Amino acid sequence: MSVAEALKLPAAVHQHLSDDAAPGADALADFIAEQLRIALAARAKASLLVSGGRSPLAFFASLSQRELDWPRVTISLADERCVPGDDDASNARLVREHLLRGRAATARFVALYVDGLAPEAAAREAEARLATIATPFDAVVLGMGDDGHTASLFADADGSAAGLDPQQSRRVLATYPRSAPHARLSLSLRALLDSRLLALAISGERKRQVIEAAVDAAPARLPIAALLQQTQVPLHLFFNA
Ligand SMILES: O=C1O[C@H](COP(=O)(O)O)[C@@H](O)[C@H](O)[C@H]1O
């Protein structure tokens, strides 16, 4: 099998390349499972934050079958839509249906959004919920939209500038994208970087172009740039051509 060509990214970004979605998802699941095992060997508990969207589904399915001491693992979200937990757009629903099953069914899950709360109140509640998870988080797995957003930090969203501010003291903010549905809850950049490692899982030519363009772009224009340009946390890119 040929292997996808490396992306033009800073040398500090660890690239894991695949020509196919299935092996790419398994490679990411192998990697995250190993990080969680290392964390559990060192500490009583381990934590994993994940995102929504369509991209993580195969990864969730693969990770859910891994042998791990799942009751000692806490899973939460890097972002959420302000919708009821049974809504099709809910990231909590996505995680419950695709990750918290099989062997991973016994993991602890901390949802961010409480049904019925307005976004600002929901962000404060999510922050309190997140405070029940020790930091640094052991692993944070993010995606990226075609517009360069990550978590729910969108270039065109009110709330994103505050979320991208490296000095931001709030760990969860409400964001209001104009180009995508639903008010959102998003971890701030500073909260995302309060982690032992970041994994970014993307696929396809369009996303390759966007992430390469972000290398020297302003995060206000392409929020993913904030992850590429930071040097605080190891960043692992999982890319399927
Ligand atoms: O809206 C979102 O989309 C991105 C990417 O989604 P995908 O469907 O292209 O995989 C995701 O990373 C983000 O967390 C989510 O809120």
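This note goes through the two sheets of the model and the helices that pack on them.

1. The model is predicted: local features need pLDDT of at least 70, side-chain atom pairs count only at pLDDT 80 or more, and totals for chains, interfaces and linings use all residues. Residue numbers start from 1 along each chain, as its sequence is written.

2. One open sheet has 7 strands in the order β1-β10-β9-β6-β2-β3-β5, with parallel pairing. Strands (E, at least two residues) and helices (H or I, at least four) are DSSP runs numbered from the N terminus; two strands pair if DSSP finds at least two bridges between them. At the edges stand β1 (14-18) and β5 (108-110), each with a single partner strand, so one side of each has no neighbour in the sheet. From one strand to the next, the twist averages 20°.

3. Within this sheet, β6 (residues 139-142) and β9 (residues 198-203) run parallel and are joined by 3 bridges. Val141 is opposite Ala199 in β9. Helix α1 (residues 21-42) packs on the sheet and touches β1, β2 (46-50), β3 (73-77), β6, β9 and β10 (235-240). Contact here means that C-beta atoms, placed from the backbone, lie within 7 Å. The direction of α1 makes about 155° with that of β10; axes are lines fitted to C-alpha atoms, for helices over the stretch in contact, and angles run from 0 to 180 degrees between N-to-C directions.

4. Another open sheet has 3 strands, ordered β4-β8-β7, with antiparallel pairing. Its edge strands, β4 (79-81) and β7 (172-175), each pair on one side only.

5. Strands β7 and β8 (residues 184-187) run antiparallel, joined by 4 bridges. Leu173 has Ser186 in β8 as its bridge partner. Helix α4 (residues 119-130) packs on this sheet, touching β7 and β8, and its direction makes about 155° with that of β7.

Notes:
Contact = placed C-beta atoms within 7 Å.
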